[in-house]
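Hi,

Here is the structure I promised to pass on. Could you have a look at it, and then read my notes below?

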Amino acid sequence: MGFGVLMHPQNRETGQKLGIATGLMFTAPIASFYIGMWYFSDKQYPENWAGGLAILVINIIIAGYCYSAFMEEDDDRDDSDKPRQGKLKQRID
């Protein structure tokens, strides 16, 4: 099973998004931490500021990945043959 499922044509875009997000989750916080250490070097505790910056970067990456996942089209969803329920139910009287 493994990574072969992500290489199918229908899953390729999702696999690319996952790969990009995984790469960013590994590299961006480390880079932002060291950039923050350089930028906040005149503060009293630069490690705290740099750590906060790395946490902020992680949250931005996660939010972007979640947003892109929710905006993805559902190709296999077909509700035309099912009865409608709740707010989508239509009155026929």
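I count a charge as sitting over a ring if NZ of Lys or CZ of Arg is within 6 Å of the ring centre and within 35 degrees of the ring normal. Lys43 fits: its charged end lies over the ring of Trp49, 5.0 Å from the centre.

Before the rest, note that this is a predicted model, with pLDDT of at least 70 needed for local features and 80 or more for side-chain atom pairs, while totals for chains, interfaces and linings use all residues. Residues are numbered from 1 along each chain as its sequence is written, and side-chain values use heavy atoms, without hydrogens or water.

Trp49 also belongs to an aromatic cluster with Tyr39 and Phe40. Rings of Phe, Tyr and Trp (its six-membered ring) pair if their centres lie within 6.5 Å; planes under 30 degrees apart are stacked, over 60 edge-to-face, and the rest tilted. That rule gives three aromatic pairs. Phe33 and Tyr34 make an edge-to-face one, 5.5 Å between centres and 80° between planes.

Buried means under 20% relative accessible area, exposed over 50%, and partly exposed in between (1.4 Å probe, protein chains only). Phe33 is partly exposed because its relative accessibility is 27%, whereas Tyr34, at 58%, counts as exposed.

Now helix α1 (helices are DSSP runs of H or I, at least four residues, numbered from the N terminus). Its buried residues are Gly15, Ala21, Ala28, Pro29, Ser32 and Gly36, and they pack against α2 (46-70), with contact meaning heavy atoms within 4.5 Å.

Best wishes

Notes:
Helices (H or I, at least four residues) and strands (E, at least two) are DSSP runs, numbered from the N terminus.
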